[in-house]
Amino acid sequence: MSSMISIDHLDAAARFAMLSWTIAPRPIAWITSVSASRENNLAPFSFFTIASTDPLVLVVAIEPRPDGSPKDTLSNILATRQFVVQIAETDRVDEVARSGEDSPPEFDELAALDLPLSKAARVLPLVIDGCAAVFECELVDTRSFGRETLVFGEVVTARIAERLITESGDIDKNNVRPLGRIGSTFAASTPLSRRSAVTARAES
C-alpha cells in the first residue's frame, strides 16, 4: 500500500526530498562554463537528463543561490551561450563533490582541483579529460518554473572515452560506471541485466 501525500502542504525542502529520493538514481552533469570575461567555472548538477535525441538536446535545472541570485554556471551560460557537460564516473566522486562547494565567481575550480584539461572542439569552455563522455553544448533556450531555470543545450560535438568503445564500435555497457545521485548522496550506477533481475526475484 502507499500513502497519499498532499503536495500543497509540503514546504520546498520536503518537496525536494520527496523528488530527489524517489526519482533516482539521477545522472550528474559536470558542467564547465566560462564567464564573459573568460573566467572558468565548474559545477555538478543532478537535475539533468536528455530532452531530445533529434536534434540532440540536453536539459539541466539550475536553482539559484540561497540569497536568490543566479549561480555562476547559469550566468556564464546566458553570457556566452555555451557549456560543456561531462559524465564523470565513480572514481571522480571526490572531485565532483569538491566542485559543488560554494565559491565566489572569480574562483577557478578547474585550477584548484588540478584537473587534466583540453580545449573543446566547438565551444569556449574547457573539457575535463578522462570522463566517460563529453558533450559540447550551445544554448537553445531557457525556461523557468518557479525557482529553477531549465537550460536546454544542443550537443554540437560529443566524445566517448576510447576505453569504453568495443571493437565493433559500440559502447561497452559493462565497463561504464557513471556517478549518480540518490537524494543527497552520491551513488554508483551499474547495468542490471534482465536475467539478473529475474534471478533476484526468484531468490527473494
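In this predicted model, helix α2 covers residues 72-80, and its buried residues are Asp 72, Thr 73, Leu 74, Asn 76, Ile 77 and Thr 80. What do these buried residues pack against? The list of partners is made up of strands: β2 (29-34), β3 (40-45), β5 (56-62), β6 (82-87), β9 (133-145) and β10 (148-160). Follow the chain just past the end of α2 and Arg 81 turns up, with a positive phi of about 65 degrees.

Another part of the model to look at is an open sheet built from 3 strands, in the order β1-β11-β12, with antiparallel pairing. Which strands sit at the edges? They are β1 (26-27) and β12, each of which pairs on one side only.

Zooming in on this sheet, β11 takes in residues 179-182 and β12 takes in residues 185-188. The two run antiparallel and are joined by 4 bridges. Together they make a hairpin, with 2 residues between the strands. Gly 183 lies in that turn, and its phi is positive too, at about 60 degrees.

It helps to see who faces whom across the hairpin. Leu 179 has Ala 188 of β12 opposite it, while Arg 181 has Phe 186 of β12 opposite it. The Arg 181 and Phe 186 pair comes with a side-chain contact of its own kind: the charged end of Arg 181 sits over the ring of Phe 186, 4.4 Å from the ring's centre. As for rings meeting rings, the structure holds 0 aromatic pairs.

Then there are the cysteines. How many disulfides does the model contain? The count comes to 0. Why do Cys 131 and Cys 137 not bond to each other? The closest cysteine sulfur to that of Cys 131 belongs to Cys 137, and it is 14 Å away, so the gap is too far for a bond. A disulfide needs the two sulfur atoms within 2.5 Å. Looking from the other side, Cys 137 has its closest cysteine sulfur in Cys 131, again at 14 Å and too far for a bond.

Are these two cysteines buried or exposed? Cys 131 counts as buried because its relative accessibility is 6%, and buried means under 20%. Cys 137 is buried as well, with a relative accessible area of 0%.

Technical notes. Residues are numbered from 1 along each chain as its sequence is written. This is a predicted model: local features need pLDDT of at least 70, side-chain atom pairs count only at pLDDT 80 or more; totals for chains, interfaces and linings use all residues. Side-chain values use heavy atoms; hydrogens and water are left out. Buried means under 20% relative accessible area, exposed over 50%, partly exposed in between (1.4 Å probe, protein chains only). Two strands pair if DSSP finds at least two bridges between them. Contact means heavy atoms within 4.5 Å. Rings of Phe, Tyr and Trp (its six-membered ring) pair if their centres lie within 6.5 Å; planes under 30 degrees apart count as stacked, over 60 as edge-to-face and the rest as tilted. A charge sits over a ring if NZ of Lys or CZ of Arg is within 6 Å of the ring centre and within 35 degrees of the ring normal.
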